[in-house]
Amino acid sequence: MSEYLPGLEGVPATQSNISDLDGNKGILTYRGYRIEDLAAHSTFEETSLLLLDGRLPGQDQLDQFDHELRANRVVKYNVREIMKYLPATGHPIEMLQTAVASLGMFYQGDECLTGGAMCQDLNYVHNMSVKIIARMATIVAMWEQVRNGYDPYPIRKDLGYAESLLYMFNGEDPDPSLARIMDACLILHAEHTINASTFAALVAGSTLASPFLVIAAAIGTLAGPLHGGANQRVVEMLEEIGRPEKVKTWLDEKLASKSKIWGMGHREYKVKDPRATILQKLMRELMQERGGNMGPMFETALALEEACEERLAPKGVYANVDFYSGILYREMGIPPDQFTSIFAIARSAGWLAHWREQLGDNRIFRPTQVYAGESVRDYIPIDKRCTQAG
Ligand code: COA
C-alpha cells in the first residue's frame, strides 16, 4: 500500500481480541461483553482481569487479583521524593508520566522481553500489570496532597479500587454512591480498541521496552486535548458558558470561528458514544438522589448537547465519553486538571491488555512514509548560501 491516509483513518494497525465497537450502532464490547452490562454489574478489578486474561474470572481468581492489587498500592518512598521535587504548578498528567516511567528503575527484571522476540512469561506480564494498575491510582491521588504541601493519606487496604482512589483524594470514607459511579467510570474508560494512546503503547511495546515505559508513552499520548485531555476542557468550556440559556449564542460563535467543541465527535462513532449515554444516565441518577440539586453545569451540558446535535449531527458529530465524565468527577471533589489522570488510571488496564497481546505475537512497528521533500542535492558551504533576505 503506498497511499497516505492522514491519521491512518480506516487503516487496521493490529489484529486484536480485546474490544470491539460498531460506530454506526453505538455498540462497544470488551471481550464480547457489552459495556452497558459491565458498567452495571462488574467492578474495575473484574473488568481489568477480563481485559487482561480474556475471560470473566471465577470468584477465587477475582479475590486473588483483588488481593494482589491491594497489596501493590504502596508506592516507594523514592518515587514520592521525586514527586516532591516536581513543580506544584505543573500539569498532573506530566507528573504521572514521570512517576510511572521512574517505577521501571525500581522494578527491573524484564529479561523475558529481551530474551527473544516473543514474551512467553505470563507471570512476568501479569505481575507487572498488577504493579502498574495498582499504583496508578495511588500516584494520581497522592499528587493532590503532595502538590498542596501535605503528606499523602495512609494507604488503606480495606477499600476496593474505586473507593481507595476517592479516599486518597480527600482522606474521607467515600460516599457509596460516588464510589459506585467512580467504579463505573473506570470500567467505561478501561479500553477502547486502537485509539491513539493504545496505539502508542503498542508501538512502544513492539520495541520490547519495559511495561513502565510502554505505559509512560501511552500516558503522554492520552494527555492531548484531542484525546484524554478533552475531559478537562469540557468542564472549563461549561464554566465559560455559565448557564443553559447562553448555550446557543456561545455555540454559534464557536462554530462560526471553526473552534472545537470539547467532548464532541469521534473518529469511529457516527452516533452518540454509548459511554456518554451511560455517564449521562449516572449523572441523572445522582441528581435525583440529591433532590435535583447539582448546580447549573449539568443543565448547561444537556442544553449544549442538544444544540450541538441540531448543528453537528449532519457531520456525524455527537457527544463522546469525555462530555459527561468531568462533571461527575467534579461532583466527587476532583480538580479538573486531574480528570485526564483519572482516565489514564482506568485505561492502564486496556493498555496492558494490548501490551500482553502484542508480546504474544510481536513484530516491531515500522511503517513507511510518502516522501514529499527535496530530491538528493549537493551540500552548500555556508559562505555560498543565500540568506533568506537576500
Ligand atoms: N467540534 C466541532 N466540529 C467538529 C468536532 C468538534 N468537537 N469534531 C469534529 N468536528 C467536525 C470537523 O470540523 C469536521 O468538519 P468539516 O468536515 O466541515 O471540516 C468533521 O466534523 C470531521 O471531523 P474531523 O476533525 O475530520 O474528525 P477526526 O476523526 O479527525 O477527529 C476528534 C476526531 C475526536 C479528534 C474530533 O472529533 C475532535 O477534535 N473532538 C473534540 C476533542 C474531543 O472531545 N476528544 C475526545 C475524543 S474521545
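Two strands count as paired here if DSSP finds at least two bridges between them. Keep that in mind for the first stop, and remember throughout that this is a predicted model.

**Stop 1: the sheet**

Select residues 19-22, which make up strand E1, and add residues 27-30, strand E2. These two run antiparallel to each other, with 4 bridges between them. Now bring in residues 33-34, strand E3. E2 and E3 also pair in the antiparallel sense, this time over 2 bridges. Put together, you have an open sheet of 3 strands in the order E1-E2-E3. E1 and E3 are the edge strands, each pairing on one side only.

Want to see the register? Show aspartate 22 and you'll find isoleucine 27 of E2 opposite. Leucine 21 faces leucine 28 in E2 in the like manner of a cross-strand partner. Over on the other pairing, tyrosine 30 stands opposite tyrosine 33 in E3.

Next, look at the turns. E1 and E2 form a hairpin with 4 residues between them. Click on glycine 26 in that turn: its phi is positive, about 70°. The hairpin of E2 and E3 has 2 residues between the strands. Which residue in this turn has a positive phi? Pick arginine 31, where phi is about 50°.

**Stop 2: the ligand**

Select the ligand and show the residues around it; there are 17. Those that come nearest are Ile261, Gly263, Met264, Arg267 and Lys315. Colour the shell by class and you get 7 nonpolar, 6 polar and 4 charged residues.

Now draw a few distances. Start at leucine 226, where a backbone N or O atom lies 2.9 Å from a nitrogen atom of the ligand. Move to isoleucine 261: a polar backbone atom there is 2.8 Å from a ligand nitrogen. For a side-chain contact, go to lysine 315, which places a polar side-chain atom 2.8 Å from an oxygen atom of the ligand. How much of the ligand's accessible area does the protein cover? On its own the ligand has 860 Å², and the protein covers 66% of that.

**Stop 3: the second largest pocket**

Centre the view on Val11, Pro12, Ala13, Phe365 and Pro367, the lining residues that lie nearest the centre of the second largest pocket. The complete lining has 30 residues, and the space inside comes to about 800 Å³. To see which elements contribute, select helix H10 (196-206) and helix H17 (339-360), the ones that give two or more residues to this lining. H17 supplies the largest share, with 3 residues. What is the mix of classes in the lining? Count 14 nonpolar, 11 polar and 5 charged residues.

**Stop 4: the cavity**

Last, turn on a clipping plane and look inside. The count of cavities of 30 Å³ or more comes to 1, and about 40 Å³ of space lies in it. Select Arg73, Ala134, Ala137, Thr138, Tyr161, Ser164 and Leu165 to light up its lining. Helix H7 (122-146) and helix H8 (161-170) are the elements that give two or more residues here. By class, this lining divides into 4 nonpolar, 2 polar and 1 charged.

Key. Residues are numbered from 1 along each chain as its sequence is written. This is a predicted model: local features need pLDDT of at least 70, side-chain atom pairs count only at pLDDT 80 or more; totals for chains, interfaces and linings use all residues. Side-chain values use heavy atoms; hydrogens and water are left out. On a 1 Å grid over the protein atoms alone, a cavity is a set of points where a 1.4 Å probe fits but cannot get out, and a pocket is an open set with protein on both sides within 12 Å along at least five of seven lines; lining residues have an atom within 4 Å of a point. Grid points are joined across faces, edges and corners, and a volume is the space filled by probe spheres set on the points. Ala, Val, Leu, Ile, Met, Phe, Trp, Tyr, Cys and Pro count as nonpolar, Asp, Glu, Lys and Arg as charged, and the others, Gly among them, as polar. A residue is near a molecule or strand if one of its heavy atoms lies within 4 Å of it. A polar contact is a pair of N or O atoms within 3.5 Å; within protein, one must be able to donate a hydrogen and the other to accept it, and residues adjacent in sequence count only if both atoms are side-chain atoms. Accessible areas come from the Shrake-Rupley method with a 1.4 Å probe; for residues, only the protein chains shown count as cover.
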